[in-house]
Every structure is written in structure tokens, then in C-alpha cells.
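Welcome! Here is a short guided walk through one protein model, written for someone meeting structures like this early on. Have a look at the picture and then read along.

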Amino acid sequence: MTSLEEAIGMAGKYRRPSRRRMLALTVQRSERISPHFVSVTVGGDDVRHLEQSGYDQVGRLFFGVPGHGPVVLPTSERWMLQFALQSAASRPRVRMYSVRRFRPEISAFDIEVVVHEEVADRPAAPGASWALGARPGDAVGFLDEGYTYGPTPGATWQLLVGDESAAPAILAILEQSTGELPAEVFLEVPTDEDIRPEVAAPAGTTIHWLPRNDPSATPGTLALATVRNAELRPGPFYTWTAGESALSTGLRRHLVNERNVRRSDIAFLGYWKQGRASP
């Protein structure tokens with residue numbers, strides 16, 4: 001989802017839990033659920049220390065990349081100090097991922113990782129490589145970073161907008177808020193095959209699936225253009241948007257300047273930036 005540098009910067013936007021700890025977990029299962037999404041279930045005894053807080057709850061996932069040799073996972077929330085003392089060869093990769101679904105009955109939770117086609121000048125991202133090669137028993141670390149989603153008082157509905165990198169968070173928000181605000185959702189995905197046919201959501205919700213079906217198109221462009229031209233519902237609303245940086249910042253600018261929405265009614269996150277390679 002995000003590179004190490006982006007993850008460090010983003011953490012300041014989240015409402016962190018008052019107490020958190022590094023969780024030592026293992027992969028329970030991995031499944032390719034569509035051409036561009038892999039669902040990975042991670043769990044273990046340490047899941048009992050993970051408090052369910054917000055609907056878009058995220059954390060840092062620490063993992064090794066298949067074929068790159070053994071890594072040493074951090075053992076505490078002071079992971080940056082441990083990183084500084086490690087050699088590059090033994091240092092794990094770090095990415096921020098949303099908790100897609102909690103599974104308390106098996107002391108586990110799901111995350112969903114976006115995978116794109118590997119091309120000659122752009123190898124598969126580390127997170128995608130890990131998800132595609134994840135096997136039961138693989139060790140991972142997880143550090144809770146909190147959440148951002150929080151509808152403002154007076155909102156009568158919610159606007160949720162994102163590209164595929166925000167799909168896990170948006171779907172988690174919908175599933176966990178089924179008795180709350182109806183939503184207007186604009187969710188861009190790579191292809192028609194990535195559309196989820198059945199999604200639990202609040203009554204009165206409309207989901208606009210926006211498949212690009214064009215590998216050369218910049219993610220987020222279609223979603224932003226669609227919302228700009230959409231006739232939105234009447235009444236005050238809360239917005240949560242995330243994905244490619246130009247999508248989230250562009251949508252906020254549009255809502256504030258052209259629809260007179262208060263900045264305080266918009267939560268926006270730039271998960272990644274087009275053209276910037278993730279190490």
C-alpha cells in the first residue's frame with residue numbers, strides 16, 4: 001500500500017491507540033480473490049492485544065520478501081531503533097495496510113493487497129510479491145497505527161471515494177457501518193473482474209464501481225472525474241477519500257472550492273504517488 005517513507009509520514013494523520021504493541025503473527029491463509037487483489041489472513045495469540053478501534057483501522061506490516069533470505073522482525077513498537085541497528089540484508093520490508101476484516105473466532109484478521117502486472121521496467125512491488133508468495137506459517141509483525149474515519153456531527157450521508165488501494169478500507173467502512181449513514185461510493189478498480197458483486201452496506205447506499213480496463217490509465221483519474229461530474233445527494237455530508245495523492249487532494253479541492261464543503265467535513269489520505277517507486 002505505501003512505502004516506508006510514506007508510511008512514516010502518514011502515521012501522523014491517524015488517531016493512534018493509547019497503548020499498542022508489536023504483534024508477532026503468522027500467515028494463516030492466502031487467496032487470490034480477483035485479478036488484482038490477494039486476501040491474506042494473519043493471526044496468532046498476539047491478536048488479543050489488538051484493540052478494534054476505527055472502521056478504517058490500519059497498521060504497519062513487517063514481512064520478508066520471498067527469495068531475499070531470512071529477515072529479523074522487530075520485537076517492539078520502537079522498531080525504527082531496531083532497524084537502525086540491522087543490516088540491510090536482514091531488515092524486513094514495511095507497508096501500511098488496512099484491517100479488512102477481524103476474525104476473532106480464530107484470533108486473526110484479513111488484509112487485502114493490491115497486485116499489478118509485472119512489467120519489464122517495473123518489477124512487482126514488495127507487498128505484492130510477499131502476498132503472492134505468502135504461505136501458512138510465514139512470520140510477520142504488525143503494529144497498530146489507528147484510524148481516521150469519523151463522520152462529523154450533522155452529516156446525513158457519507159461520500160466515500162478511492163482507487164483500488166483504498167478499496168479494503170472503504171469496504172471495511174461499509175461493512176462495519178451497516179446501521180449508520182447511507183453512503184454514496186465511487187470506487188475505482190483496475191478491471192471489471194475486480195468488482196465485488198455483493199457488499200454489505202448501510203441502507204440507502206449506492207456503490208458506483210469504476211473499472212478502468214486500461215493498464216496505461218493513471219489510477220484515481222477516473223474516480224475524480226466521475227465525482228466532479230456527479231449530481232450528489234442533497235444535505236450535509238461527510239467525506240472520506242484515499243488513494244493516489246492526486247485523487248485525494250484533487251477531490252478535497254473540488255469539494256471545498258466548487259461545492260462549498262467545509263474542510264473539517266473531509267478526511268483525505270494520499271496512500272501513494274504516481275511515478276514514485278517504492279523501495
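## Helix 5 and its neighbours

In helix 5 (residues 221-228), the buried residues are A223, L224 and V227. Buried means under 20% relative accessible area, exposed means over 50%, and partly exposed lies in between (1.4 Å probe, protein chains only). Looking down the axis of helix 5, you would find its buried residues within an arc of 95°, so they line one face of the helix. That arc is taken from the directions that lead from the helix axis to the C-beta atoms. An α-helix has 3.6 residues a turn, so residues three or four places apart point the same way.

What do the buried residues of helix 5 pack against? Their partners are strand 8 (157-162), strand 9 (183-189), strand 10 (206-211) and helix 6 (245-258). Contact here means heavy atoms within 4.5 Å. Helices (H or I, at least four residues) and strands (E, at least two) are DSSP runs, numbered from the N terminus.

A word on the model itself: it is predicted, so local features need pLDDT of at least 70 and side-chain atom pairs count only at pLDDT 80 or more, while totals for chains, interfaces and linings use all residues. Residues are numbered from 1 along each chain as its sequence is written, and side-chain values use heavy atoms, with hydrogens and water left out.

## The parallel sheet

Strands 8, 9 and 10 belong to an open sheet of five strands with parallel pairing, in the order 10-9-8-11-12. Strand 10 and strand 12 (266-272) stand at the edges with a single partner strand each, so one side of each has no neighbour in the sheet. From one strand to the next, the twist averages 10°. Two strands pair if DSSP finds at least two bridges between them. Strand 8 and strand 9 run parallel and are joined by five bridges; one example is V161, whose bridge partner in strand 9 is F186.

Helix 6 lies across strand 8, strand 11 (237-244) and strand 12, and runs at about 150° to strand 11. Such angles run from 0 to 180 degrees between N-to-C directions, and the axes are lines fitted to C-alpha atoms, for helices over the stretch in contact.

## The antiparallel sheet

A second topic is the open sheet of seven strands, which has antiparallel pairing and the order 4-3-7-1-2-6-5. Here strand 4 (93-98) and strand 5 (101-103) are at the edges, each with a single partner strand, so one side of each is left without a neighbour in the sheet. On average, neighbouring strands of this sheet are turned by 40° against each other, direction ignored.

Is strand 3 enclosed or open? Six of its six residues are buried, so strand 3 is largely enclosed by the rest of the structure. V58, R60 and F62 point one way from the strand, while G59, L61 and F63 point the other way. Strand 3 (residues 58-63) pairs with strand 7 (residues 139-146) in the antiparallel sense over five bridges, and with strand 4, also antiparallel, over six bridges. The table lists some bridge partners of strand 3.

| Residue in strand 3 | Partner | Partner strand |
|---|---|---|
| L61 | F142 | strand 7 |
| G59 | D144 | strand 7 |
| L61 | R95 | strand 4 |

Helix 3 (residues 126-133) lies across strand 1 (23-34), strand 2 (37-43), strand 3, strand 4, strand 6 (108-114) and strand 7, running at about 125° to strand 6. Its buried residues are P126, G127, A128, W130 and A131.

## Loops and rings

T152 is found in the loop between strand 7 and strand 8. With 18% relative accessibility, T152 counts as buried. Leaving aside residues up to four places away in sequence, T152 touches Y238, S264 and D265.

Y238 also appears in a cluster, where ring pairs link it with Y55 and Y149. Rings of Phe, Tyr and Trp (its six-membered ring) pair if their centres lie within 6.5 Å; planes under 30 degrees apart count as stacked, over 60 as edge-to-face and the rest as tilted. The structure holds nine aromatic pairs.

Finally, the charged end of R196 sits over the ring of F37, 4.8 Å from the ring centre. To count, NZ of Lys or CZ of Arg must be within 6 Å of the ring centre and within 35 degrees of the ring normal.
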